[in-house]
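Please open the structure in your viewer and keep the selection tool at hand. The tour below moves from stop to stop, saying what to select and what can be found there.

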Amino acid sequence: MARSLGRLLLVLLIGYSSCSTKKVIPSPTAFQSECLEGLEFGIEEEVFLADSLLIREKLLAYVDEKTVEMAIALNLTSELAEIVTKGIEPGQEQALKSKVMGSVLKMNLELHSLMSAIDCEEEKSEQVASFVERELRKKERNLTVAAIVTGALVGVGTGIMLAANNSGNDLPEYLGIAGGLTEVFLGLSILRLDRKVMIQHTKNILRDVYLSDSRPSYFPPAVWYYFNSQNRNEAGISLKEQLVDRWNTFNSTDESLSLLISNGGAYSPDMLKSRSEMLDQLESQIALISKDLLYFLSRVEALIYPLKS
């Protein structure tokens with residue numbers, strides 16, 4: 001009997017070890033397949049910044065910094081300078097407004113294309129987190145059922161042995177001990193369940209925003225310039241700096257942040273949710289540029305049609 005009990009305990013210990021080991025599973029789908037596909041902007045598209053910055057100081061004598069910064073991003077500083085210094089020739093108002101509207105529309109499309117890519121990665125993080133949680137719930141359910149069945153079998157077996165009135169037979173006690181240990185092991189296995197998923201993201205938007213001073217190729221030049229501009233408000237803090245400060249304050253420990261800004265690794269469901277939240281915050285911060293685009297457009301219209309404003 002002692003030998004049989006020892007074998008049973010050995011089997012239980014091996015089973016417990018295999019259940020409690022952290023397991024890393026591959027991602028069910030490619031994590032970065034279509035999100036950033038086709039979103040590419042060349043260096044030639046940001047050449048305009050050099051000339052625009054030269055006109056900046058002249059423009060500040062006529063309009064506020066937020067308007068000037070948006071004009072630089074849109075490559076409309078020459079047009080804005082002409083409006084405020086020379087005025088508009090009669091009949092040219094509509095042509096000038098059309099050019100401004102074209103630039104605003106282009107930046108707005110680039111803005112929403114980038115936001116769509118960020119939203120795509122955010123949704124994928126949430127989807128994979130749900131997948132891992134379902135796998136954990138399935139394992140937890142199996143262990144819970146095993147614990148219930150073990151308790152029932154031990155109870156029934158002990159009851160049968162006692163009903164047989166085998167006085168002096170210590171088998172019921174051994175069975176009760178073995179069953180109790182089995183339930184303890186299964187309970188601990190449930191508590192120690194942990195499963196992670198391996199994810200690769202070589203193009204890491206979070207890393208590029210958090211660490212990079214140079215523009216990533218998938219970031220539109222106009223959006224990147226305005227996102228990093230420290231002159232759009234009186235506090236002298238860019239949209240990027242506001243976001244990174246919130247990430248450092250609220251979101252992550254150093255250990256988790258190192259994974260989030262890496263090329264990929266083993267993610268737990270909680271870490272995937274943290275990634276999704278950070279991507280959502282990034283998308284919301286970039287969306288604020290739309291508000292400043294509308295402000296710029298209203299200011300330029302007031303300059304083009306001063307009597308109507």
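**A guided tour of the predicted model**

Begin by selecting Cys-35, which is buried because its relative accessible area is 9%, and keep in mind throughout the tour that this is a predicted model. Next add Cys-120, which at 21% relative accessibility counts as partly exposed, since buried means under 20%. A disulfide joins Cys-35 to Cys-120, with 2.1 Å from S to S, and the link is left-handed, with -65° about the S-S bond. Zoom out a little, and you will see that this pair links distant parts of the chain, 85 residues apart: Cys-35 lies in the loop between strand E1 (23-26) and helix H2 (48-59), while Cys-120 belongs to helix H5 (residues 93-163). The structure holds 1 disulfide. A disulfide is a covalent bond between the sulfur atoms of two cysteines.

Now go to the loop between helix H3 (65-74) and helix H4 (77-85), where you should select Asn-75. Asn-75 has a positive phi of about 60°, although it is not a glycine. Most residues other than glycine have a negative phi. Asn-75 is partly exposed, with a relative accessible area of 39%. From there, follow the chain into H4, whose buried residues are Thr-77, Glu-79, Leu-80, Ala-81, Ile-83 and Val-84, and continue until you reach Gly-87, which follows H4 and has a positive phi, near 85°.

For the next stop, turn to the aromatic rings. How many aromatic pairs does a search of the whole structure find? The search finds 3, and one of them is formed by Tyr-218 and Phe-219, a tilted pair with 6.3 Å from centre to centre and 40° between the planes. Select Phe-227 as well: the rings of Phe-219 and Phe-227 have their centres 6.1 Å apart and their planes at 25°, so this pair is stacked. Phe-219 and Phe-227 are both buried, and Tyr-218 is buried too. Together with Trp-224, these residues form one aromatic cluster. Elsewhere, select Lys-66, which lies over the face of Tyr-295, at 5.0 Å from the ring centre.

Finish with the largest nonpolar core, which has 64 residues; among those with the most contacts inside it are Phe-219, Phe-227 and Ile-286. If you select Ile-286 and leave aside its neighbours within four places in sequence, you will find it in contact with Leu-111, Leu-114, Met-115, Ile-118, Phe-219, Val-223 and Phe-227. Phe-219 and Phe-227, from the stacked pair, therefore appear again at this last stop.

Conventions:
Residues are numbered from 1 along each chain as its sequence is written. This is a predicted model: local features need pLDDT of at least 70, side-chain atom pairs count only at pLDDT 80 or more; totals for chains, interfaces and linings use all residues. Side-chain values use heavy atoms; hydrogens and water are left out. A nonpolar core is a set of buried Ala, Val, Leu, Ile, Met, Phe, Trp, Tyr and Cys residues joined through side-chain atoms within 4.5 Å. Buried means under 20% relative accessible area, exposed over 50%, partly exposed in between (1.4 Å probe, protein chains only). Contact means heavy atoms within 4.5 Å. Helices (H or I, at least four residues) and strands (E, at least two) are DSSP runs, numbered from the N terminus. Rings of Phe, Tyr and Trp (its six-membered ring) pair if their centres lie within 6.5 Å; planes under 30 degrees apart count as stacked, over 60 as edge-to-face and the rest as tilted. A charge sits over a ring if NZ of Lys or CZ of Arg is within 6 Å of the ring centre and within 35 degrees of the ring normal. A disulfide is a pair of cysteine sulfur atoms within 2.5 Å.
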